Amino acid sequence: EPVKPAYARVLVKVSGEALMGGEAFGLHWPTIERIAQDLVEARSTGAEVAVVVGGGNILRGASVAGQGLDRATADHMGMLATVMNALALEKALEQAGSPARTLSAIPMPTICEPYARQTASRHLERGRIVLLAGGTGNPFFTTDTGAVLRAAELECDAVLKATNVDGVYTADPKTDPTARRYERLTHDEALAKDLKVMDAAAFALAREAKLPIVVFSIREPGAIAAAVRGQGRATTVAP
Ligand code: UDP
């Protein structure tokens with residue numbers, strides 16, 4: 001008996017680093033294929049699936065800015081990196097059997113469709129997995145903020161944040177053996193306890209929009225589909 005999705009429409013945030021697999025840089029194709037299969041499985045629960053892809057496996061604006069390169073230009077380069085990742089994931093999704101569309105916050109119509117809310121919504125309604133590239137389209141933001149922004153405007157029921165850790169902990173589990181994982185938290189509790197769920201701008205927007213954030217590890221195969229079903233190891237931050 002297939003388990004029904006816990007959310008009708010989700011926004012999955014996949015960091016650039018998740019696409020590297022064990023490599024130090026760039027794209028690890030077997031890992032991308034695995035993530036694509038997981039997204040297809042998530043879609044097969046019946047949920048509509050939008051994905052915001054990061055770019056940290058290729059370039060982070062804050063890391064390359066300096067000397068002659070100003071931050072805004074470096075961030076433009078970072079946003080372009082997210083488009084490269086989205087195109088790779090789009091291909092992998094199609095090969096895994098799902099229609100997929102990349103929509104870029106930075107218009108580049110010879111490569112993919114420009115992002116518009118109505119276009120994204122229509123693709124989702126038609127069952128396509130929608131890859132939202134280019135973050136917010138503005139420098140000085142992150143793809144986490146892009147994820148929350150798109151989730152709010154596309155009226156997603158949750159942001160599923162795929163990371164390297166299986167949730168939000170009382171302390172850093174890598175350095176503190178007494179660290180405990182939260183099963184559930186409110187946005188206010190996370191803020192009061194100064195727990196880093198997302199960067200401050202992204203988290204403030206999620207709190208304002210009362211958007212649930214589900215934090216889980218992408219290292220587990222099938223983790224995205226499990227999160228869509230409301231299962232698996234995760235921390236849910238919700239009002
Ligand atoms: N970026 C930006 N505006 C956005 C989203 C991303 O300028 O709205 C740039 C920024 O330089 C960032 C890079 O794109 O470092 C890659 O995104 P991010 O660091 O969020 O990727 P992730 O950490 O998820 O791989």
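Aspartate 194 lies in the loop between helix H6 (187-192) and helix H7 (200-208). In this predicted model, its phi is near 55 degrees, a positive value in a residue other than glycine. Most residues other than glycine have a negative phi. Aspartate 194 has 6 C-beta neighbours inside 10 Å and therefore counts as exposed. The cut-off for an exposed residue is 12 or fewer.

Glutamine 67 also has a positive phi, of about 50 degrees, although it is not a glycine. This residue is placed in the loop between H2 and H3. Glutamine 67 is exposed, because 6 other C-beta atoms lie within 10 Å.

H7, which follows the loop of aspartate 194, packs with H5. The axes of H5 and H7 come within 8 Å and cross at roughly 20 degrees. H5 is therefore roughly parallel to H7, as angles under 35 degrees count as such. The crossing of this pair is left-handed.

A second helix pair involves H3, which bounds the loop of glutamine 67. Helix H1 (residues 29-43) and H3 pack with their axes 9 Å apart, at an angle of about 60 degrees. That angle makes H1 oblique to H3. H1 passes H3 in a right-handed crossing.

The strands form an open sheet. Its 9 strands run in the order E4-E3-E5-E2-E1-E6-E8-E9-E7, and the pairing is mixed. Strand E4 (113-114) and strand E7 (184-185) stand at the edges. Each has a single partner strand, so one side of each is left without a neighbour in the sheet. Strands of a sheet pair through backbone hydrogen bonds, either parallel or antiparallel.

Strand E6 (residues 158-163) sits between E1 and E8 in the strand order. E6 is mostly covered, with 5 of its 6 residues buried. On one side, E6 pairs with strand E1 (residues 9-14) in the parallel sense, over 5 bridges. Within this pairing, alanine 158 of E6 is the bridge partner of valine 10. On the other side, 5 bridges join E6 to strand E8 (residues 213-217), and these two strands run parallel. Here lysine 161 has valine 215 of E8 as its bridge partner.

The sense changes at the next step. E8 pairs with strand E9 (residues 235-237) in the antiparallel sense, over 3 bridges. Among the bridge partners are isoleucine 213 and valine 237, the latter in E9. E9 is followed in the order by the edge strand E7.

The ligand is surrounded by 24 residues, of which Gly54, Gly56, Gly61, Gly78 and Gly135 come nearest. By class, the shell divides into 15 polar, 5 nonpolar and 4 charged residues. Glycine is counted among the polar residues. Helix H2 (61-64), helix H3 (71-95) and helix H5 (143-153) each supply at least two residues of the shell. The largest share comes from H3, with 5 residues.

These contributions tie the ligand shell to the helix packing described above. H3 supplies the largest share of the shell and also packs with H1. H5 supplies at least two shell residues and is the partner of H7 in the left-handed crossing. H2 likewise supplies at least two, and the loop between H2 and H3 holds glutamine 67.

Notes: Residues are numbered from 1 along each chain as its sequence is written. This is a predicted model: local features need pLDDT of at least 70, side-chain atom pairs count only at pLDDT 80 or more; totals for chains, interfaces and linings use all residues. A residue is near a molecule or strand if its C-beta atom, placed from the backbone, lies within 6 Å of it. Helices (H or I, at least four residues) and strands (E, at least two) are DSSP runs, numbered from the N terminus. A residue is buried if 20 or more other C-beta atoms lie within 10 Å of its own, exposed if 12 or fewer, and partly exposed in between; C-beta atoms are placed from the backbone. Two strands pair if DSSP finds at least two bridges between them. Axes are lines fitted to C-alpha atoms, for helices over the stretch in contact, and angles run from 0 to 180 degrees between N-to-C directions. Angles under 35 degrees count as roughly parallel, over 145 as roughly antiparallel, 65 to 115 as roughly perpendicular and the rest as oblique. A crossing is left-handed if the near helix is turned anticlockwise from the far one by less than a right angle, and right-handed if clockwise.
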